[in-house]
Amino acid sequence: MTAPTRRSAVAGSADGRPGGLRGPWFARRRPRRGPAGSVLERVAVVVALVMVVLAVVGPWIAPQNPYRVDLGQSLLPPSAAHLFGTDVNGRDVFSRVLTGARETLLATVIVLVVATVLGVLIGTAAALGGRVVDEVLMRICDIGLSLPSIVLALGLAASLGPSLTSAVVAMCLTWWPGYARLVRTVVRQHRDAEYVEAARSIGAGPVRVVVRHLLPTVVPVMLVQVTLDVAAVMLVISGLSFVGVGAQVPAAEWGAMIAAAVDDISTAWWALLFPGLAIAVTAVAFNLAGDWLRVRTDPTVRWSR
Amino acid sequence: MLAVVLRRLGLMVLVFAGLVVIAFLMTQVLPGDPARAAAGRNASPEQIAAVASQLGLDQPVWRQFLRYAGRLLHGDLGTSVVTHRPVLADLGEVLPVSLELVLAAMLLNLVIGVPLGVLAAYRRGRWADGLTRVVVLLGAAVPAFWLGLILQLVLSDRLHWLPLSGRLTYGYRVDDLTGMVTFDALVTGRWATFGNALAHLVLPAVTLAAPFIAVVARTVRSSMISVLDADFVQLARATGAGEWRVVVRHALRNALGPIITIVGMQLGWMLGATVLVESTFNRGGIGAYTVNAVLQNDLYAVIGSVLAIGVVFIVANVVVDLLQPALDPRLRGGGRAVSGLSVGGRPDLAVGPAGVTDPSAPDVEAGADNAAAAPVPVAGVQR
């Protein structure tokens, strides 16, 4: 088939509207999807993927050692040798930002994975475990959600001792209640559905029902939420580092880098600007990617037609 | 209705009790030795032991907790080992400072966020919608602490438009009534002081509000979209009501439910977010107080400030929950099961005609109010 037809199929499924393109190819237009359009979203998905790749290879492609102190090179403005300039200790900011991709994103991913596992386990248990279990688990969630997570994580991270590990552990412990609620809601919506009844009636055991029939309904919803939460978790983690209870100063973590650059803010803006930009760009990319995923996978969108 | 209120209040107490336990346990694993911190740098081991037994730190954890809880019931939050003052007194001093900031940020939040959301929904797909989307994207992505620093750098350090930090330039006088400088100056008619305090308030308020504006604009937009397509709005138009009236009186009023829920939660979140903003602007306040307490192992101050923020958060949520039926007749009658505290959004209270969300538009935000997505705290903000 010719290219325009293929494109039409893609565009049709992208917004879930079949037959979005009509007429001869030269008169065809993509259906309007708002001024930001899908191009931006595709770029964002690519940027998000690039960030993930950077998190893996960042430390190896960094042009200079991100931890090498050279006081003779202190606070140099951006130049060809130092794309993002140097910080107060003469370390190359560009190399540190690249290395920081791993520190910050890895921490974020660990938090999200652990919180997802906890949330799925606890949410499923609450949805299927009967009234008492449900009540107890949901009240625990209420308590967890009764504080802004930054405050809870701040207290927990402090009690574990200031380090990136504590910040990650603290965030794992604070982030799951939201997921538990989400999973509970979705599983409850489906637990009495006819297809689940049918599975039970032909002899599927409880484990099989949960794994094969209920958890798959959770996946698209959680996938979208987790993608959207990359930015949120990253902001809290770097915030904890900025405040001083997360990654500690020599670490090439974006939040800690900003904290370390505060003192020289009026003479060396670059040491402050670039780590923050790195956070912002990554966060925008993941939020857009999440939006994009939501449109593609959200069952409420898909089922409604 | 009364039963609903009582149950909600009961749950509130329960959640608060749980919070006390968690806040207390959290500080039990503190790596530093609070007794050492209290006794001072040069204390001998005997002195430290004496201080420890004086503070009750040599007792088992459950006993310490009972002791703490017993005192808490009498309004005693313990003594800060850093300021050597009762934590309650410290909190009484720092809370108004933060409240002033939070209220200013909330005002900005509503004044900017709501119109942006309404405009974006009304002119969906046009430039206003695009602008809103940019604001939403940036607000949810730019770290507040970094934004604050950048604003300081550009607007204070380089352009000298606004003061760098603090709450008042030295030399301005204010009569201390509430601890909120702008309010006190306004009430007592000290206009110069008021202007100065307001100038100090702008940058931190903008910084604090930025991520929240994004959430409000997004919520208002999706809520308005679901309502603007509803039949009753068409009907209102058909009766010849002006567009302004249709949008504000008919649509916005019916879209208020999710908006109020979000704004109520934001009050608590904002108070929490001061942790990231206040130190930068050297304003004092509960955020800076909490951070200091945490960094200095100030046990009771940590518990106290966590509890204080928690209380504001919980109360704001309960107030919003109880306010909803008053503002929306559809929720009256107590027919809806109340299964939990509305902390984090309630699917069964999510207002707005269910299923009106325009399915033809690939509206990414619209899902936020659907039952499936509702229980998750809104993405993109330090929740």
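The following exchange discusses a predicted model of a structure with chains A and B.

Colleague: How are residues and chains labelled, and which pLDDT do local features need?
Modeller: Residues are numbered from 1 along each chain as its sequence is written, and chains are lettered from A, with ligands numbered from 1, in the order in which they are written. Side-chain values use heavy atoms, without hydrogens and water, while side-chain atom pairs count only at pLDDT 80 or more, totals for chains, interfaces and linings use all residues, and local features need pLDDT of at least 70.

Colleague: How many helices does chain B have?
Modeller: Helices (H or I, at least four residues) and strands (E, at least two) are DSSP runs, numbered from the N terminus. Chain B has zero strands, and its helices number 13.

Colleague: What percentage of the 383 residues of chain B count as buried?
Modeller: A residue is buried under 20% relative accessible area, exposed over 50% and partly exposed in between, with a 1.4 Å probe and protein chains only. By this criterion, the buried share of the 383 residues of chain B is 54%.

Colleague: Is B:Gln64 buried or exposed?
Modeller: B:Gln64 lies in helix α4 of chain B. In space, 9.8 Å separates its C-alpha from that of B:Gln28, and in sequence the two are 36 residues apart. Because the relative accessible area of B:Gln64 is 8%, this residue is buried.

Colleague: Are α1(B) and α4(B) parallel or oblique?
Modeller: Two packed helices are described by the angle between their axes and the distance between the axes. Axes are lines fitted to C-alpha atoms, for helices over the stretch in contact, and angles run from 0 to 180 degrees between N-to-C directions; under 35 degrees counts as roughly parallel, over 145 as roughly antiparallel, 65 to 115 as roughly perpendicular and the rest as oblique. The axes of α1 (residues 2-28) of chain B and α4(B) come within 11 Å and cross at roughly 135°. That angle makes α1(B), relative to α4(B), oblique.

Colleague: How is α6(A) oriented relative to α8(A)?
Modeller: The axes of α6 (residues 164-191) and α8 (residues 206-243) of chain A come within 10 Å and cross at roughly 155°. The orientation of α6(A) to α8(A) is therefore roughly antiparallel.

Colleague: Which helix contributes the largest share of the largest nonpolar core?
Modeller: A nonpolar core is a set of buried Ala, Val, Leu, Ile, Met, Phe, Trp, Tyr and Cys residues joined through side-chain atoms within 4.5 Å. The largest one has 177 residues, of which A:Met171, A:Trp175, A:Leu240 and B:Met224 touch the most other members. With 18 residues, the largest share of this core comes from α8(A).

Colleague: What is the phi of B:His160?
Modeller: Most residues other than glycine have a negative phi. B:His160 lies in the loop between α7 (144-158) and α8 (181-188) of chain B, and is exposed, with a relative accessible area of 62%. Although B:His160 is not a glycine, its phi is positive, at about 55°.

Colleague: What percentage of residues 95-324 of chain B is helix?
Modeller: An unreviewed UniProt entry annotates residues 95-324 of chain B as "domain: ABC transmembrane type-1"; such annotations may be inferred rather than shown by experiment. Over this span the end C-alpha atoms are 27 Å apart, strand accounts for 0%, and helix for 81%.
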